[in-house]
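Q: Could you walk me through this model and show the reasoning behind each label?

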Amino acid sequence: MPEIRVASEAGACYGVERALQMVEAAADERSGAVHTLGPLIHNPRVVAELAARGVDAVESPEQATGDTLLLRTHGTAPDEEARAGALCARVLDATCPFVKKVHLAAERLSREGYQVVVVGEAGHPEVEATLPHAPGAVVVGSADEAAALPHARKVGVVVQTTARRALLAEVVEVLLARAEEVRVINTICEATAGHQAAADELAREADVMVVIGGRISANTTRLAEISAASCPRTHHVEGADELRAAWFEGARVIGITAGASTPASQIEAVRAEIARMLGE
């Protein structure tokens, strides 16, 4: 019978657990409508479960006027947060504390005269929320993009919390040749790094890997990429209903990992369904 192993570090991180506790408490109070500013986390199934409880995602504070509004884990721009405070009856800040550190670091570097470079994925909500904290900041997603930047006297670097350490190293190496001074504040979340290392370790021993999490989740997508590099039979699913028994034929070790927006209940559901398919 194949062995099913869950990565030593997998699933919902502190910031996600905190946000879910906040939104569930707000929903339980039943003291008026509750909204989130954008999807609370990058997990469509959790967002759908919240919607079923009456907690919907809105695109702007204006759509939550007079109600309770939770700021998403990815953070928000200062002007948007100010509008929320002026319009909503109550604003709950569910921004991940580690994302807050990115904002503060970007603000500090900007105040000190650095050209701020955000290493990460352009268009990602966390990156978009970071940019307004450092006017004139630019996003770099590769060493090639860093090489295209103009030369500068002082460059300050912050990093999307879910970025790869290797990407940061590649970008910094390029920037060192294009600036007189480069100051790096490594804001990669330790939970992200831990998830990636554990996924890599398990994938090297597994015949099949299952990665659980939203397809729009950057950190889950990276886990799938890392797993596939060592275990070609890697499958990215959002839930147990997407599993296929044929995936596990001939496997001796089946590995499971999950993104930082994946609750423990979803991991257990996938583990249990694989066991059922195997006839355990």
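A: Sure, and keep in mind that the model is predicted. Serine 217 is a good place to begin: it sits in the loop between strand 10 (208-212) and helix 9 (218-230).

Q: Why is serine 217 called buried?
A: Buried means under 20% relative accessible area. Serine 217 comes in at 1% relative accessibility, so it counts as buried.

Q: Which residues does UniProt list under "binding site"?
A: The unreviewed entry lists His42, His74, His124, Thr161, Ser217, Asn219 and Ser261. Those are positions from a record, and such annotations may be inferred rather than shown by experiment.

Q: What makes the largest cavity worth a look alongside that list?
A: The lining of the largest cavity includes His42, His74, His124, Thr161, Ser217, Asn219 and Ser261. A lining residue has an atom within 4 Å of a cavity point, and these annotated residues are in that lining.

Q: Where is histidine 124, and why is it called buried?
A: Histidine 124 is in the loop between strand 6 (115-119) and helix 5 (125-130). Its relative accessibility is 6%, and the cut-off for buried is under 20%, so histidine 124 counts as buried.

Q: What does histidine 124 touch?
A: Leaving out residues up to four places away in sequence, histidine 124 touches His42, His74, Gln160 and Ala218. Two of the names there, His42 and His74, also appear in the "binding site" list from UniProt.

Q: How do you know whether histidine 74 is buried or exposed?
A: Exposed would take over 50% and buried under 20%. Histidine 74 has 10% relative accessibility, so it goes down as buried. You'll find histidine 74 in the loop between strand 4 and helix 3 (78-87).

Q: Which residues are in contact with histidine 74?
A: With residues up to four places away in sequence set aside, histidine 74 touches Leu40, Ile41, His42, Val99, His124, Pro125, Glu126 and Ala129.

Q: Which residue carries the "active site" annotation?
A: UniProt's unreviewed entry puts "active site" at Glu126. Glutamate 126 is in helix 5.

Q: Why is glutamate 126 called buried?
A: Set its 3% relative accessibility against the limit of under 20%, and glutamate 126 counts as buried. Beyond its neighbours within four places in sequence, glutamate 126 is in contact with His74, Val99, Val102, Val159, Gln160 and Thr161.

Q: Which residues touch the most other members of the largest nonpolar core?
A: Leu40 and Leu70 do, in a core of 18 residues. Helix 1 (14-29) and helix 2 (44-52) each supply at least two residues of this core. The largest share comes from helix 1, with 6 residues.

Q: What does leucine 70 touch?
A: Not counting residues up to four places away in sequence, leucine 70 touches Met22, Val23, Ala26, Val34, His35, Thr36, Leu37, Leu92 and Ala94.

Q: What makes threonine 68 buried?
A: Threonine 68 has 6% relative accessibility, and anything under 20% qualifies, so the label is buried. Threonine 68 lies in strand 4 (residues 68-71). Leaving aside neighbours within four places in sequence, threonine 68 is in contact with Ala33, Val34, His35, Arg90 and Leu92.

Q: How many disulfides are there?
A: The count is 0 disulfides. Cysteine 13 is in none: the nearest cysteine sulfur, that of cysteine 96, is 5.6 Å away, while a disulfide needs the sulfur atoms within 2.5 Å.

Q: Why are cysteine 13 and cysteine 88 called buried?
A: It's the under 20% rule again. Cysteine 13 has a relative accessible area of 14%, so it is buried. Cysteine 88 is buried too, with a relative accessible area of 8%.

Q: How many helices and strands does the chain have?
A: The chain has 10 helices and 12 strands.

Q: Why is the chain called as compact as a globular protein of its length?
A: The radius of gyration is 20 Å, and the globule rule gives 19 Å for 280 residues. Those values are close, so the chain is as compact as a globular protein of that length. The C-alpha trace spans about 60 × 55 × 20 Å along its principal axes.

Q: What share of the chain counts as buried?
A: Of the 280 residues, 51% count as buried. As for contacts between residues at least 6 apart in sequence, 71% join residues at least 24 apart.

Methods
Residues are numbered from 1 along each chain as its sequence is written. This is a predicted model: local features need pLDDT of at least 70, side-chain atom pairs count only at pLDDT 80 or more; totals for chains, interfaces and linings use all residues. Side-chain values use heavy atoms; hydrogens and water are left out. A nonpolar core is a set of buried Ala, Val, Leu, Ile, Met, Phe, Trp, Tyr and Cys residues joined through side-chain atoms within 4.5 Å. Buried means under 20% relative accessible area, exposed over 50%, partly exposed in between (1.4 Å probe, protein chains only). Helices (H or I, at least four residues) and strands (E, at least two) are DSSP runs, numbered from the N terminus. Contact means heavy atoms within 4.5 Å. The radius of gyration is taken over C-alpha atoms; the globule rule is 2.2 Å times the number of residues to the power 0.38. On a 1 Å grid over the protein atoms alone, a cavity is a set of points where a 1.4 Å probe fits but cannot get out, and a pocket is an open set with protein on both sides within 12 Å along at least five of seven lines; lining residues have an atom within 4 Å of a point.
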